[in-house]
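Subject: Structure for you to look at, with notes

Dear colleague,

I am handing over the structure below, together with some notes on what turned up in it. Please open it alongside this message and follow the residues as they are named.

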Amino acid sequence: MPAIVLVGAQWGDEGKGKATDALGARVDYVVKFNGGNNAGHTVVVGDEKYALHLLPSGILTPGVTPVIGNGVVVDLGVLWQEIDALSARGVDCSKLLVSASAHVIAPYHQVLDKVTERFLGKRKIGTTGRGIGPAYADKINRVGVRIQDLFDESILRQKVEGALDQKNHLLVKVYNRRAVAVEEVVETLLGYAERLRPMVADVSLELSRALDRDEIVLFEGGQATLLDIDHGTYPFVTSSNATAAGACTGAGIPPNRIDRIVAVVKAYTTRVGEGPFPTELLDADGEKLRQDGGEFGTTTGRPRRTGWYDAVISRYAARINGVTDFVLTKLDTLTGWERIPVCVAYDVDGVRHEEMPMSQSDFHHARPVYEFFDGWTEDISGVRSFADLPKNAQSYVEALEAMSGARISAVGVGPDREQTVVRHDLLS
């Protein structure tokens, strides 16, 4: 079973990095196939905590080849910062491969991201301001700069000139900002070329050959299902395909090479940024979940919005992605609650919805319909067998499994890579 896609089932921050890292020792390649440095993974190994933003989580596992696919937009300054920081801590980054077809986040993308968000005011999307959206917009508008362009100065200059011809008019005449100089951008990007050159590869060909050799390739999605540009809570989404199908376009592999699709889901729900959130808690319970779960963004440090588990969302994620297995994380955060609500359906103007409403207007007006489950007080952080979990914790997991559309194969009971209860082998 050589090809596994791993995605988030909610709005991100579910613990995908931990799930990837847990599989790492048995995986040959870990591929980031979408997004950029607008999201991150926090991985805890022993006493060490690593915050990854652009690099695949597999970079922490010796022997694994980490890959940045063509579907990623790359801020090269951030890439070097991250590599240098990991190298200083003894992590070997020498095997990293970067797709020649991945797009580059240029300095003007960050400028546009920030001024556009401010211009939107109350209608803002809640972006991180790191240039992700504008870089993807240039990709679709066919004026983007790709990694391969950094090795041809003439082409690079032509592309930057073409991109800035319109953008500078926008910056100066609409946003009252100074124009961006073509030469400054070209000089900055060319400065990355020589260090980058040994890492650049035909990623699609590399991965195809690896799969032909029956090596195990893990495709790691950034963001999550409800942030997918097509299937998320639009317009409060990211600018790429964060669902399982994005692994094919974002890495250059065909659908028939994928064997298993794993979705990571938190034992409650969080989201960062704007947009509807049916189970959101705006009270002391929400703050308790935030503090107990350490719900602050890896990349931005922003407090995450918190709420109870939403089975409607999980069923949607299972259907859209074709989920074969769920990994349930942060079960330990719920320790100590007397009763734990779970959203099993929505009420939209008096009509019960057990599946995601078709329109965003209905989703915006959705009110959660809850079932309640008895909690537990025992410390579960040291548990490694499902049978050793408190009975109420077992019942909670089994109930979520029954209503979420796929089996729950692993349960996280703490932040460390070893704090996982395995129910079914994800690779078999």
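How many residues does helix H13 have, and what distance does H13 reach from its first C-alpha to its last? Before the reply, please keep in mind that this is a predicted model. Helix H13, which covers residues 391-404, has 14 residues and reaches 20 Å between those two atoms, close to the 20 Å expected at 1.5 Å a residue. Its buried residues are Ala 393, Gln 394, Tyr 396, Val 397, Ala 399, Leu 400, Met 403 and Ser 404, and the elements they pack against include helix H11 (311-321), strand S16 (339-348) and strand S18 (367-374). Just after H13 comes Gly 405, with a positive phi of about 100 degrees.

H13 leads on to the nonpolar cores. The largest nonpolar core holds 61 residues, of which Phe 219, Leu 328, Leu 331, Leu 334 and Tyr 396 touch the most other members. The largest share of this core, 6 residues, comes from H13. Apart from this core lies another, of 41 residues, among them Leu 55, Leu 76, Ala 106 and Leu 150. Nonpolar side chains tend to be buried together in soluble globular proteins. Leaving out residues up to four places away in sequence, Phe 219 touches, among others, Ile 4, Leu 6, Phe 33, Leu 207 and Ile 253.

The next topic is charge. By the rule applied here, the count of salt bridges comes to 22. Side chains of opposite charge can pair when their charged atoms come close. One of the pairs joins Asp 325 and Arg 407, whose closest N and O atoms are 2.6 Å apart. Because Asp 325 lies in strand S15 and Arg 407 in strand S19, this pair ties together parts that are 82 residues apart in sequence. Asp 325 is buried, with a relative accessible area of 0%, whereas Arg 407 counts as partly exposed at 29% relative accessibility.

Another pair sits within a single helix, as Glu 153 and Arg 157 are both in H5 (residues 153-174), where, being 4 residues apart, they are separated by about one helical turn. Their side chains meet in a salt bridge at 3.3 Å, N to O, and Glu 153 counts as partly exposed at 42% relative accessibility. A salt bridge also brings together the side chains of Arg 213 and Glu 215, at 2.6 Å, N to O, with Arg 213 partly exposed at 47% relative accessibility.

Which residues are linked with Asp 13 in a network of salt bridges? They are Lys 266, Glu 295, Arg 304 and Lys 330. Asp 13 deserves a second look, since the "binding site" annotation in an unreviewed UniProt entry covers Asp 13 and Gly 40. Asp 13 is placed in the loop between strand S1 (3-8) and helix H1 (16-23), and is partly exposed, with a relative accessible area of 22%. Not counting residues up to four places away in sequence, Asp 13 touches Lys 266, Thr 270, Val 272 and Arg 304.

Two other loop residues can be read together. Asn 70, in the loop between strand S5 (65-68) and strand S6 (73-74), is buried, with a relative accessible area of 18%. A polar atom of the Asn 70 side chain lies 2.8 Å from the backbone oxygen of Thr 249. Ile 105, in the loop between strand S8 (103-104) and helix H3 (107-120), counts as buried at 4% relative accessibility, and residues up to four places away in sequence aside, its contacts include Asn 37, Val 73, Arg 130 and Ile 132.

Finally, there are some backbone details to check. Most residues other than glycine have a negative phi, and most peptide bonds are trans. Arg 142, however, has a positive phi near 65 degrees; Arg 142 is in the loop between helix H4 (132-141) and H5, and is exposed, with a relative accessible area of 76%. Lys 330 also has a positive phi, of about 60 degrees, although Lys 330 is not a glycine, and its place is in the loop between S15 and S16. A cis peptide bond, with omega about 10 degrees, joins Tyr 234 and Pro 235, and Pro 235 is found in the loop between strand S10 (217-220) and helix H9 (246-251).

With best wishes

Terms used. Residues are numbered from 1 along each chain as its sequence is written. This is a predicted model: local features need pLDDT of at least 70, side-chain atom pairs count only at pLDDT 80 or more; totals for chains, interfaces and linings use all residues. Side-chain values use heavy atoms; hydrogens and water are left out. The expected span of a helix is 1.5 Å times one less than its number of residues. Buried means under 20% relative accessible area, exposed over 50%, partly exposed in between (1.4 Å probe, protein chains only). Contact means heavy atoms within 4.5 Å. UniProt positions are given in the numbering used here, feature names are shortened, and annotations may be inferred rather than shown by experiment. A nonpolar core is a set of buried Ala, Val, Leu, Ile, Met, Phe, Trp, Tyr and Cys residues joined through side-chain atoms within 4.5 Å. A polar contact is a pair of N or O atoms within 3.5 Å; within protein, one must be able to donate a hydrogen and the other to accept it, and residues adjacent in sequence count only if both atoms are side-chain atoms. A salt bridge is a side-chain nitrogen of Lys or Arg within 4 Å of a carboxyl oxygen of Asp or Glu.
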